[in-house]
Amino acid sequence: MRPGEWARLVAVFAIVFAAVSVSGVVISGVFMPQPPSEQPTSPGVLAPERNLAPTPVEAGSIEVNGTTSQQTILIDAAHQNTQVRDRAQVLTDVLTSNGHQVSYYNPENKIGQFENRVSEVDAIVIIAPTQRYTQAERTALNDFVNEGGRVVLFTEPKRTSVNLFGEVTTRVRTESILTSYAISAGTGYLYNLNGNVGTFQTIAATSASNQRLAENVENVTLYTSTSLTVGDEATPVLETQPTTNSSTLRSNASYTVAARHGNVVVVGDSEFLTEQNYRKGDNEELVGNLIEFLLNTD
Amino acid sequence: MSPSPSGSQARRGLYLGVIIIALIAGSVTSPYVTRAVDSAVRDGQNTIAVIEIDGRMTIDTAETVSNQLYAARQNDSVEAVVLRVNSPGGTISAAESVYMAVNATARQKPVVASVGSIAASGGYFSLLPAERIYTTPGAPVGNVGVIGVRPAEDGAEERIVSGPDKIRGGTKDDFRRQVQSLQREFVGAVMFHRGDELMISQAQVAHAKVYIGARAVQNGIADRVGSLHDAIAYAAARAGLERYTAVSGSAVARTSSTVSFAVAAQNETGPAALDAATVDRRRILALYGQSDTPAGVVTNATG
């Protein structure tokens, strides 16, 4: 073989070797993935249908069954009762439209007044008083109950709000009244993070007994409720779902939120009474049952 | 004199053999050559963008962070992103905006988060798409939830409004549902991005507890105890970089021509002048700690 032939062979080898060696670089350059274009940034996590809270069902009206002569119902507004006008409005409307008298108790000078007034009425409604009852008032209330008068008391957990001066805690003062009826109210609020029907403090409750008070009450919606502890002499009326939690106890349980002791009924929430809330779920059934209890037609 | 047929065939065979040997040798060396060239090309531009989410989040800070993330996505020299978070959150819309920008970035490049002093509420929401969350052991992390603040009825001024919800923006029920919807969104995002790592239930997440970093790593709210440098090193490893430069998000945005349009557009719309917080008196915050809002209704008042 001539020397020129060897040079040609070396050149062929070099060209082919170089071409194959750099082919990876060329191919990767040609087929290198381009920077991805902008894609929609909202993943399924933010999809409205996944997150938007359902609108609660509002239906029905309050029906008061049974007949009775005209009665007078006293609504206590003298113990710094929380938003008593708003919360008692539906009760007032229904009682008035059924021919009964509703009287708000809020005298300028309270001394001796409560004792006199309770003797003139047939039933008493107490909504979240934040001022203590005096010994004389408690005695008058007990006498009223013992003589057959009916009382419905709405309590609630302590509330913390913020104003310009900082945090303000409001505590309902019902403990001294309730001890006479084997019922005690908690200070913490109830909440449910599994299937709650509003924010976490909006909870569902259902009947806990066969009492007339719990009739047709399968799904009550409560907004800021506390739990009730019930002694042997009292009877639970409503209880929460087992997944309900307490802000103070921090454990899941079915908490009692309404209970009865003879002529006294205690409910752990009063916000469900408002015009905005009384038609949610079976709330109107519960309100109707409570009115019948007050009128002694249950 | 012409070559004999047998000599010609032998030469063709020789050439064919040389070509085959060259092909084999080239194939063997090709991957090494490709890697060497690639490395040489990359050496000049291997960048980790460190983007800071700092302080209370407003729509202004969200725009800045989102623009930096946009620049990082568009800039080929940025191989990975590290989010440096020192934020207790802020408005929910700001947190959502940053979350969406981080999510878009994480689809294209490795995104790693590093918690410095705090990543709570909206600050935590923002970093959820990161593939790994480093935190200092004592930093507050978590607080998955929202706070609704709406104006109180105000009779101090005489005013005429066009509808019943003009002042407060809706009923208490409407507001409850809005807070609930955003809570579902936030908790849903945590479960979506971190469900496999979490050692706590969805209900426990929804309690909105804030955890110190060490506990957060234990329960899956975060991944590793580590510093910013640990996060950068991991991001570089994820991007396959042996040598790299960490640059700030603002530097990436400055050197990126693509982002100038976004910045210009932002200036035209004047987000500062239309700050939602100053216009909308009703606010939903993804914030840990006390809001500086005037007296109003705090929907999740606690005992």
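## A guided tour, starting at two strands in chain B

Start by selecting Ile53(B): across from Ile53(B), in β2(B), stands Val85(B). What you have open is a predicted model, in which local features need pLDDT of at least 70 and side-chain atom pairs count only at pLDDT 80 or more, while totals for chains, interfaces and linings use all residues; side-chain values use heavy atoms, with hydrogens and water left out. Residues are numbered from 1 along each chain as its sequence is written, with chains lettered from A and ligands numbered from 1 in the order in which they are written.

**Stop 1: the strand pair**

Now show strand β1 (residues 47-54) of chain B together with β2(B): the two run parallel and are joined by eight bridges. Strands pair if DSSP finds at least two bridges between them. Helices (H or I, at least four residues) and strands (E, at least two) are DSSP runs, numbered from the N terminus.

Why is strand β2 (residues 78-87) of chain B largely enclosed by the rest of the structure? Because 10 of its 10 residues are buried. Buried means under 20% relative accessible area, exposed over 50%, and partly exposed in between (1.4 Å probe, protein chains only).

**Stop 2: the cores**

Next, pick Leu127(B). Neighbours within four places in sequence aside, Leu127(B) is in contact with Leu83(B), Val85(B), Ala113(B), Val115(B), Ala119(B) and Ile133(B); contact means heavy atoms within 4.5 Å. Leu127(B) is also among the residues with the most contacts inside the largest nonpolar core, along with Leu83(B), Tyr124(B) and Phe125(B); this core has 55 residues. (A nonpolar core is a set of buried Ala, Val, Leu, Ile, Met, Phe, Trp, Tyr and Cys residues joined through side-chain atoms within 4.5 Å.) Hop over to Ile75(A), Val152(A), Leu190(A) and Val217(A), and you are in a second, separate core, of 45 residues. Nonpolar side chains tend to be buried together in soluble globular proteins.

**Stop 3: salt bridges**

How many salt bridges does the structure hold over all chains? There are 15, each a side-chain nitrogen of Lys or Arg within 4 Å of a carboxyl oxygen of Asp or Glu.

Select Arg132(A) and Glu175(A): their closest N and O atoms are 3.2 Å apart. Arg132(A) sits in the loop between β3 (123-127) and α5 (135-146) of chain A and Glu175(A) in helix α6 (residues 175-178) of chain A, so this salt bridge ties together parts 43 residues apart in sequence.

Over in chain B, try Asp174(B) and Arg177(B), a salt bridge at 3.0 Å between the closest N and O atoms. Both lie in helix α5 (residues 172-194) of chain B, three residues apart, about one turn of the helix. Asp174(B) counts as partly exposed at 24% relative accessibility, while Arg177(B) counts as buried at 17%. Then highlight Arg87(A), Glu156(A), Arg159(A), Glu271(A), Lys280(A), Lys172(B), Asp173(B) and Arg176(B), which salt bridges with shared partners join into one network.

**Last stop: chain A by confidence**

Colour chain A by pLDDT, the predictor's confidence in each residue, from 0 to 100. The chain's mean is 88, with 91% of its residues at 70 or more. Where is confidence lowest and where highest in chain A? Helix α1 (residues 3-31) is lowest, at a mean of 76, and strand β15 (residues 264-267) is highest, at 98. Zoom in on residues 30-36 of chain A: the pLDDT there is below 50, and the stretch has three contacts in the model beyond near neighbours in sequence. Where pLDDT is low, the predicted coordinates should not be read in detail.
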